[in-house]
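Here is a short note to read alongside the model. Keep the structure open and find each residue as it comes up.

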Amino acid sequence: MQDQDVQMFDFKAFIFRALSYWKWFVLALIIGVYIVYQQNIREEFPYTLDAKITVQDDKNPLFTSNTSLIFNYGGISGKVQEVLLNLKSREHHEKVVDSLDLYLSYLTQGRFYKTDMYGSVPFKFVGVDSAYQVLGHPIKIEFIDNNSFDLSYDFGEAETIATQNFETKEVKRLPISQPTFKKRYQVGEYIDLSFLKGSIEALEDTSVPKGKTYFIQYTSFNSAVSGFLRSYVVTNEERSPLLSVRLTNKNKAKIVDYLNTSIYILDRDQLEKKNQYAVNTINFIDKQLARVKGDLTKKADSLNDFKRDNKLYNLCLLYTSDAADERSS
């Protein structure tokens with residue numbers, strides 16, 4: 001048997017050799033922690049909340065054992081699919097965004113980015129929906145005290161800006177006469193600019209800290225609706241009347257208001273649809289009764305005309321009490 005060189009792996013020597021590079025490991029760990037820390041402070045993370053909706057198929061009070069005015073189809077599954085489609089429709093989300101004015105954002109300047117302060121600002125901008133409001137440019141609101149503030153903007157070298165009428169949803173560009181602007185206003189005073197019309201109104205039981213700076217910024221209506229539509233998820237387990245609605249956004253208060261308003265508008269639209277259905281049913285019955293009444297009236301008139309033309313009369317025999325006595329005797 002010949003001798004063979006057998007190379008054995010020296011694990012102990014490998015460990016000591018690796019430990020000799022401990023400085024590089026510590027440096028790599030510090031660099032990694034620093035990168036993760038910078039990402040965390042520079043990036044705004046979103047929140048996700050969900051809500052549950054139970055869909056019930058109500059019985060129609062007009063449907064009895066001997067009255068069949070309504071053709072029921074689909075059962076509970078058909079009702080669930082109807083609600084599911086309504087929640088996913090763009091029309092539904094347009095109503096929610098419009099009712100909450102979610103095309104208007106309230107922001108504060110952080111260290112690296114502007115933070116959405118929806119639900120946390122001590123004031124409200126009451127804009128004129130029929131006016132054209134500037135899109136995509138933040139308007140700076142710097143409070144001097146509780147009753148006055150400086151409004152300013154800087155559009156840079158832009159010659160025109162995009163604006164939108166949130167009543168008609170029309171978008172158009174307006175020329176800029178002043179690329180930079182600053183003026184002091186009182187709380188409640190009407191702001192009358194060519195691309196911004198409205199007033200800053202203080203909320204009840206709130207006070208604005210002196211020197212606090214906010215920004216208001218309009219987003220186009222279609223962009224606001226599309227943003228919520230993309231992050232709005234509706235799911236339904238098969239053969240279940242339970243719907244799960246989930247929304248992701250960077251502001252928790254906005255998620256809560258959006259989900260609650262979405263469910264409220266869904267309930268309101270369903271109630272309006274039921275009421276309209278009942279009104280349509282009553283109108284249908286009234287039309288049928290009016291049609292039958294008209295037919296009977298026409299037939300009665302035709303019969304009377306026939307009798308008159310042919311001199312036919314109904315003869316009624318009247319008996320007096322004496323004649324009745326004589327006949328009885």
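1. Start with strand 11, residues 190–193. Its covered face carries Ile-191 and Leu-193. Its uncovered face carries Tyr-190 and Asp-192. In a regular strand, side chains alternate between the two faces of the sheet. Please bear in mind throughout that this is a predicted model.

2. Next, look at the partner of strand 11. Strand 12 covers residues 196–202 and runs antiparallel to strand 11. The two are joined by 4 bridges. Together they form a hairpin, with 2 residues between the strands. To find the pairing on screen, start from Ile-191, which stands opposite Gly-198 in strand 12.

3. Now move to an open sheet. It has 3 strands, in the order 1-15-14, and the pairing is antiparallel. Which strands stand at the edges? They are strand 1 (47–54) and strand 14 (232–236). Each has a single partner strand, so one side of each lacks a neighbour in the sheet. From one strand to the next, the twist averages 20 degrees.

4. Stay with this sheet and follow one pairing. Strand 1 and strand 15 pair over 8 bridges, in the antiparallel sense. Thr-48 is a good place to check this, as it stands opposite Thr-248 in strand 15.

5. Strand 15 (242–249) also takes part in a pocket, supplying at least two residues of the lining of the second largest one. That pocket has a volume of about 430 Å³. It is lined by 19 residues. The closest to its centre are Ser-105, Asp-116, Phe-228, Asn-249 and Lys-254.

6. Where does the rest of the lining come from? Strand 2 (104–109), strand 3 (114–116) and helix 5 (221–231) each supply at least two residues as well. Helix 5 gives the largest share, 6 residues. By class, the lining has 6 nonpolar, 7 polar and 6 charged residues.

7. Two residues of that pocket deserve a second look. The side chains of Asp-116 and Lys-254 meet in a salt bridge, at 2.6 Å from N to O. Asp-116 lies in strand 3 and Lys-254 in helix 6, so the pair ties together parts that are 138 residues apart in sequence. Are these two residues buried or exposed? Both Asp-116 and Lys-254 are buried.

8. Salt bridges occur elsewhere too. Side chains of opposite charge can pair when their charged atoms come close. A search of the whole structure finds 9 salt bridges. One of them joins Glu-94 to Arg-90, with the closest N and O atoms 3.5 Å apart. Both residues lie in helix 4 (residues 90–100). They are 4 residues apart, about one turn of the helix. Glu-94 is partly exposed, at 27% relative accessibility. Arg-90 is partly exposed too, with a relative accessible area of 30%.

9. Compare that with Asp-269 and Lys-95. Their side chains meet in a salt bridge at 3.1 Å, N to O. This pair links distant parts of the chain, with Asp-269 in helix 6 (residues 252–309) and Lys-95 in helix 4, 174 residues apart. Asp-269 has 19% relative accessibility. The cut-off for buried is under 20%, so Asp-269 counts as buried. Lys-95, at 29%, counts as partly exposed.

10. Finally, check two backbone angles. Asp-101 has a phi near 55 degrees, a positive value in a residue other than glycine. Asp-101 sits in the loop between helix 4 and strand 2. With a relative accessible area of 31%, Asp-101 is partly exposed. Lys-169 is not a glycine either, yet its phi is positive, at about 65 degrees. Where is Lys-169 found? It is in the loop between strand 8 (160–165) and strand 9 (170–175). Lys-169 is partly exposed, with a relative accessible area of 27%.

Conventions:
Residues numbered from 1 in each chain as written. Predicted model: local features only at pLDDT ≥ 70, side-chain atom pairs only at ≥ 80, totals over all residues. Heavy atoms only, no water. 1 Å grid on protein atoms, 1.4 Å probe; cavity = no way out; pocket = protein on both sides within 12 Å on 5 of 7 lines; lining within 4 Å. Points joined across faces, edges and corners; volume = space filled by probe spheres on them. Nonpolar A, V, L, I, M, F, W, Y, C, P; charged D, E, K, R; others polar. Buried < 20%, exposed > 50% of the residue type's maximum accessible area, 1.4 Å probe, protein only. Pairing = 2+ DSSP bridges. Axes fitted to C-alpha atoms, helices over the stretch in contact; angles between N-to-C directions. Salt bridge = Lys/Arg side-chain N within 4 Å of Asp/Glu carboxyl O.
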